[in-house]
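Hi,

Here is the structure I said I would pass on. Have a look at it first, and then read my notes below.

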Amino acid sequence: MKKLSFVLIVLMIFSGFAFASGSGETAAPTDPNTVKVGLLCIGDENDQGYTYNFIRGRDEATELLKADGINVEWVTKYNIGEDATCTDANIEAAEEGCQIIINNSYGFEPFMLEVVDDYPDIEFISCTNCASAFDGRDNTHSAFANIYEGRYIAGVVAGMKLQQMIDEGQIAPEEAVIGYVGAYSFAEVISGFTSYFLGARSVCPSVTMKVSFVGSWSDATAESDAALALADQGCVMISQHSDNTTPATAAQSRGVFHTGYNNDMTGVAPNASLISTRIDWAIYFYEAIKAYVEGEEIPQDWCKGMGDGAVVMTPLNEAIAAPGTAEKIAEVEAAIADGSLQIFDTSTFTVGGETLTHAFALDTDGDFTADSEEAVYDGAFHESVFQSAPYFTVQIDGIEWLNAAY
């Protein structure tokens, strides 16, 4: 018996829908060039951050597919919890005839996986997670992008601003402190703020960082409070791996600078926010949906980066950026694209005063074990090579964790 909420059952009865329990039958479009796609979101477009970025990707992919003669009927569900409501939302999307169902939050995947075996003919996609890459099912898929590349560049932009402040006597070198608002203390966030820090330090050698974890992907108040507290502790630059714009507005209220995530935040903090980075989900949505319509396999684990247009930077806020920043961005982007810059170059950081020579990546079961792949080789830690989701969990010198939230 599928797990259907009482409200859903009532709605289906009164709407005249019929379905066979356990059958997996759906009312899909009959036009072979039309596909019905569910998009389940942890927030809504009003966050102007994470979910807004997915909606932007949805709309851009729709236009790209239309140009190829493919029509998409979207079923978008907002403000889904990382709990049993996600299970219900996946079932609802399946029973509404979705042929592909995309789950947009890291915490959705366990609930999605409770449903997938009941609907073997539906393709289920987990964004930013990894279990679907290793579960052996034909109808589950993982997708992410090399967002650490964009975070490194955002760090370069921040570092150039900090170095300008030092050079102009506004702060002393030891006062070049970054405050970072993180959601949780696991690989995706650690990878992101470490690459950001390394980018900043590549142009401002004295920089240090304080990280505050809020224990949520999308808690606007907690993100604001963390940013304010970091500024009050002397951080003159704020960045974030969280879903809302409140770290940007908090930074502006304290007269410090900011770099963002998911969306251009200069509109809400024009005097603080320098630049943001984001994943362009239109790239993946286009490829996955087109593959489905054309009868091709959707990759079980998809990952692309800046060189493929899957990671992009928002416009630079030239009014407050340090001189020469635009030119430096172009230089670093080119180096990432041609491989001459390794972001986690082990000669650029230490761990407990020592050079990192060994670190596991996940093995094919998605676990850290003695048989896991060796991620450090050729003088660098190689992120998102063995799976799309990040696996960098190293705590490097120069970054202070103020707390931890798993």
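How much area does the protein chain expose, and what share of it do carbon and sulfur atoms supply? The exposed area is about 15900 Å², and carbon and sulfur atoms supply 50% of it. Keep in mind that this is a predicted model.

Some basics to get you started. The protein chain has 406 residues, and 57% of them count as buried. You'll find 10 helices and 15 strands in it. If you take the contacts with a separation of 6 or more, 66% of them are between residues 24 or more positions apart.

Next, a pair of helices to look at. Helix H5 (residues 147-167) and helix H10 (residues 325-338) have axes that come within 10 Å and cross at roughly 150°. Angles over 145 degrees count as roughly antiparallel, so that is what H5 is to H10. The crossing of H5 past H10 is right-handed. On the H5 side, the residues that meet H10 are Glu149, Tyr152, Ile153, Val156, Val157 and Met160. H10 brings Thr325, Lys328, Ile329, Val332, Glu333 and Ile336 to the contact. Sorted by type, the residues of this contact are eight nonpolar, one polar and three charged.

Then there's helix H8 (residues 246-254), whose buried residues are Thr246, Pro247, Ala248, Ala250 and Ala251. What covers them? Among the elements doing so are helix H7 (220-232) and two strands, E8 (237-241) and E9 (257-261). Right after H8 comes Gly255, with a positive phi near 75°.

Cheers

Terms used: Residues numbered from 1 in each chain as written. Predicted model: local features only at pLDDT ≥ 70, side-chain atom pairs only at ≥ 80, totals over all residues. Heavy atoms only, no water. Buried < 20%, exposed > 50% of the residue type's maximum accessible area, 1.4 Å probe, protein only. Helix = DSSP H or I, 4+ residues; strand = E, 2+ residues; numbered from the N terminus. Contact = heavy atoms within 4.5 Å. Areas by Shrake-Rupley, 256 points an atom, 1.4 Å probe, with all protein chains shown as cover. Axes fitted to C-alpha atoms, helices over the stretch in contact; angles between N-to-C directions. Parallel < 35°, antiparallel > 145°, perpendicular 65-115°, else oblique. Left-handed = near helix turned anticlockwise from the far one by under 90°. Nonpolar A, V, L, I, M, F, W, Y, C, P; charged D, E, K, R; others polar.
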